[in-house]
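Colleague: Take me through one part of this model closely, please. Start with the surface terms, then go to the strands and what surrounds them.

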Amino acid sequence: MVNWYQRQPLIYQIGLVILIGFALSFLLTLFLLSYDKSQRLNQLSVSGAVQRVIAVADTLQQTPQSLHQSILNASSSSDLQLSLTDTPRVTAASQTDNMSRRFIQQLAAAGITEANLTLISQSQRPLMDLSRHNMEGMRGMMNNGDMMRGASTKPGRNGAPFAGRGRNLNYSATIDGSVKLASGQWLNFSSGMETDITHWSNSVLIALASVMLLTILLSLLVIRRALTPIAQLGSAALAFARNKQVQEVNSQVPRDLLPTINAFNDMQRQLTDYIKERTQLLAAISHDLRTPLTSLRLRAEFIEESEDKQQLLRTIGTMEKMLTATMRFAKNDSNREPRQMTNIDSLLQTIVDEYDEKGVEIHYQPQPGLTGNIPPVSVRRMTENLINNAIQYAGNNAQITLALAQDHEQLRICVADNGVGIPADKLQEVLKPFTRLSEARDTDSSNVGLGLAITHSLATAYGGNLLLQPNQPSGLKATVSLSRH
């Protein structure tokens, strides 16, 4: 799960964290508010019931006994049931909590010295129907001693279990009690709270959910806007890596990202200027050295024939080849060939046919109709450099294989031979300009060590690379890749 999360785009990771955070916060807030609301409504219900019981008790003590039942009937309601008995329906129970003591003190202040109360906790609260059409039946139950005083038959709770337990009724019990009147009778009461008022309405829940979703959506939009410069930065970096072209990133970004964007834009310009200056310097040096080399060749021609003269002329010739190759190498960096739609298979087949006319057999599996947006001259030059490298170090009778592969991102051309190969620790070194290996591979004095370097430079300029690997059982496998876009 962690690995899957880390592989997702950054905006999805942030969005998921925000969604989970808001969901947990929403549920926790809803739970706390619901609990607090239920507790306060419960206190309000109990307090109201006690006040009404005090009023009824006072009324009963001031009226004849013949009117008591009528008063009880008139005072009973959907959330409070009253009855008179000779013995208390609620016996003395545990009343050590602050709320019970406060209500007993409130009853004592009203002249009721004996009172037994049982507060029903929310977790123990049974459902009960105190609606008016059930009042008569409940009066009979209370008069017969069948009305439950609490939510269960636990110790300290007296009476039979509530008849409606387990059914989805209208009210949940909050308090049972019995108070002793001056006449010696006990006024029994049971109070309930309508269950619907403890629940959140659908409109409130929809409003809260809408606010949460709207906040998440706005957060994601802000994050997406903040991440847009990062995406532009990545595109500009990729374009610079592939084509060495400066692509300015928009500096209209959040202040926190502005130093990074400005630094990247400056880096692009500085690197481009450095590459340009290096290329111009290399071309200028190579060009300027041609004049003294020409002078040396002219002076060497007037020297008497000898082995030293021939060796001198060969050295001058080698230096001229190196300068010519260096000029071409510098030209590649400064003048990049534009891309164009090309039949790649036809291009490679033409190269294979030309080498076949020279007596060099190259094994190639054609792929008719394969086209791509490539720089054709540069691709031809890279391919020929790799083939010439294979011929130079493996010989004309070497087995050379040319293969072509592609996907939606890159085009890959592979040239493999069965020559002596390159040691594994030298595979990167030979990509550097003017690098030549031991005499085992340096069989031609015309080699100045720029073929692979030029190929690597061209491949890099077009968003690719040159990869050298040992061929099995012997030889070298050179794979040049370039971006198709």
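Modeller: A residue counts as buried under 20% relative accessible area and as exposed over 50%, with partly exposed in between. Keep in mind that this is a predicted model.

Try those cut-offs on Tyr-35. Its relative accessibility is 47%, so Tyr-35 counts as partly exposed. Tyr-35 sits in helix α2, which covers residues 10-61. Together with Leu-28, Phe-31 and Leu-32, Tyr-35 makes a nonpolar surface patch of about 450 Å². An α-helix has 3.6 residues a turn, so residues three or four places apart point the same way.

A charged patch lies elsewhere in the sequence. Asp-353, Asp-356, Glu-357 and Glu-361 gather on the surface, and their patch is negative. One of them, Asp-356, belongs to helix α9, residues 344-357.

Now the part to look at closely: strand β12. Strand β12 spans residues 476-483 and is mostly covered. Of its eight residues, seven are buried. Strand β12 has antiparallel pairings with β10 and β11.

Take β10 to begin with. This strand holds residues 410-416, and seven bridges tie β10 to β12. Within that pairing, Cys-414 has Thr-479 of β12 as its bridge partner.

Next comes β11, residues 465-470. Six bridges link β11 to β12. Here Asn-465 stands opposite Ser-481 of β12. In a regular strand the side chains alternate between the two faces of the sheet.

The connection between β11 and β12 deserves its own look. These two strands form a hairpin, with five residues between them. Gly-475 is in the turn and has a positive phi of about 105 degrees. Pro-473 is also in the loop between β11 and β12. The peptide bond leading into Pro-473 from Gln-472 is cis, and its omega is near 5 degrees. The loop therefore has two backbone features to inspect: the cis bond before Pro-473 and the positive phi at Gly-475.

Step back along the chain to helix α11, residues 451-461. This helix is mostly covered as well, with eight of its 11 residues buried. The buried set holds Leu-452, Ala-453, Ile-454, Thr-455, Ser-457, Leu-458, Ala-459 and Ala-461. Just after α11 comes Gly-463, where phi is positive again, at about 75 degrees.

To recap the close-up: β12 is mostly covered, β10 is joined to β12 by seven bridges, and β11 is joined to β12 by six.

Definitions and conventions
Residues numbered from 1 in each chain as written. Predicted model: local features only at pLDDT ≥ 70, side-chain atom pairs only at ≥ 80, totals over all residues. Heavy atoms only, no water. Patch = residues over 30% accessible without salt bridge, like charges linked within 9 Å, V, L, I, M, F, W, Y side chains within 5 Å. Areas by Shrake-Rupley, 256 points an atom, 1.4 Å probe, with all protein chains shown as cover. Salt bridge = Lys/Arg side-chain N within 4 Å of Asp/Glu carboxyl O. Lys, Arg positive; Asp, Glu negative; His and termini not counted. Charge placed at Lys NZ, Arg CZ, Asp CG, Glu CD. Helix = DSSP H or I, 4+ residues; strand = E, 2+ residues; numbered from the N terminus. Buried < 20%, exposed > 50% of the residue type's maximum accessible area, 1.4 Å probe, protein only. Pairing = 2+ DSSP bridges.
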